[in-house]
Amino acid sequence: MTPGIFITLEGIDGAGKSSHIEGLAAWLRERGQRVLVTREPGGTALAERLRELVLHEPMDALTETLLVFAARRDHLQQAIEPALAAGTTVLCDRFTDATFAYQGGGRGFEVAVLAQLEAWVQQGRQPDLTLWFELAPATAAQRRAAARAPDRFERQDEAFFARVQAGYERRYAAEPQRFVRIDAAQARDAVWARVVAAVQSRLAA
Ligand code: TYD
């Protein structure tokens, strides 16, 4: 059995990544692939409960980080690894790059500790492709203002999101071959075309 491909979608809140994930799943299914659409934090019953806590309860950066990784551990073991082993393509709305961006960049949590947790929790598992929806923090803030009630992260100021963006930049710089950067300021159709092109070339690789 050929293992499935693990694709993650990343970007600051308001960049628009979530609006393409179902379209991408449909596109892949039309091409005969089995697809699991999932998200982080979340993706299992336990991890979804942890998500509620992380998004809505006050806590310090270490607690937040440990909960996010606890959710990830369960998600990997119960959902992502079995799906990949069965040849299913996994589309995951955020993964560990978000932890480096939000907890590392946004909250200023020690990146060396994040790297250690990443190694323990993931045992070498990394996405095969990461679609990074890049949008200026000021533009993302305008888009968020038009959306629903904000969670603990969405309520943060522009300086926080500038640090999150810088966190993504550092992950990209460390591993550029895994990422495709997508200019999320473009019209929706242009963004979609980039998404398809990126996935098509990964499938052909
Ligand atoms: P998000 O994808 O924005 O969900 P929704 O579109 O439903 O609001 O993810 C929820 C939030 O969780 C987002 O603000 C970023 C945050 N987050 C972290 O802080 N660390 C992480 O490791 C992950 C996966 C997400």
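**Ligand shell and selected residues in the predicted model**

Helix H4 supplies the largest share of the shell around the ligand, with 4 residues. The structure described here is a predicted model. In total, 18 residues surround the ligand, and the closest are Asp13, Lys17, Arg94, Thr99 and Gln103. The ligand occupies the space of the largest pocket. Two or more residues of the shell come from each of helix H2 (45-56), helix H3 (61-85) and helix H4 (96-106).

Polar side chains approach oxygen atoms of the ligand. For Thr99, an N or O atom of the side chain is 2.6 Å from an oxygen atom of the ligand. The corresponding distance for the side chain of Arg94 is 2.8 Å, and a polar side-chain atom of Glu154 lies 3.0 Å from a ligand oxygen. On its own the ligand has 550 Å² of accessible area, of which the protein covers 92%.

Arg94, one of the residues closest to the ligand, is located in the loop between strand S3 (89-93) and H4. Its relative accessibility is 11%, and Arg94 therefore counts as buried, the cut-off being under 20%. Arg94 is not a glycine, yet its phi is positive, at about 75 degrees. A positive phi also occurs at Gln123, where the value is near 50 degrees and the residue is again other than glycine. Most residues other than glycine have a negative phi. Gln123 is placed in the loop between helix H5 (111-122) and S4. With a relative accessible area of 63%, Gln123 is exposed, because the value is over 50%.

The backbone also contains a cis peptide bond, from Glu40 to Pro41, with omega near -15 degrees. Most peptide bonds are trans. Pro41 lies in the loop between strand S2 (35-39) and H2, and Glu40 is assigned to the loop between S2 and H2 as well. Glu40 counts as buried, at 4% relative accessibility. The side chain of Glu40 is joined to that of Arg72 by a polar contact of 2.5 Å. When neighbours within four places in sequence are set aside, the contacts of Glu40 are Arg51, Arg72, His75, Ile80, Cys92, Asp93, Arg94 and Phe95. Arg94 of the ligand shell is thus among the residues in contact with Glu40.

Arg72 also appears among the contacts of Thr96, a residue of helix H4. The relative accessible area of Thr96 is 1%, so the residue is buried. Outside its neighbours within four places in sequence, Thr96 is in contact with Glu10, Phe69, Arg72, Glu118, Gln122 and Arg171. Thr96 and Trp27 are 69 residues apart along the chain, and their C-alpha atoms are separated by 25 Å.

Glu134 belongs to strand S4 (residues 129-134). Its relative accessible area is 19%, and Glu134 is classed as buried because this value is under 20%. Beyond the neighbours within four places in sequence, Glu134 is in contact with Glu169, Arg181, Ile182, Asp183, Ala184 and Ala185.

Key. Residues numbered from 1 in each chain as written. Predicted model: local features only at pLDDT ≥ 70, side-chain atom pairs only at ≥ 80, totals over all residues. Heavy atoms only, no water. Buried < 20%, exposed > 50% of the residue type's maximum accessible area, 1.4 Å probe, protein only. Contact = heavy atoms within 4.5 Å. Near = heavy atom within 4 Å. Polar contact = N/O pair within 3.5 Å; in protein donor to acceptor, adjacent residues only side chain to side chain. Areas by Shrake-Rupley, 256 points an atom, 1.4 Å probe, with all protein chains shown as cover. 1 Å grid on protein atoms, 1.4 Å probe; cavity = no way out; pocket = protein on both sides within 12 Å on 5 of 7 lines; lining within 4 Å. Sits in = over half its atoms within 2 Å of the grid points.
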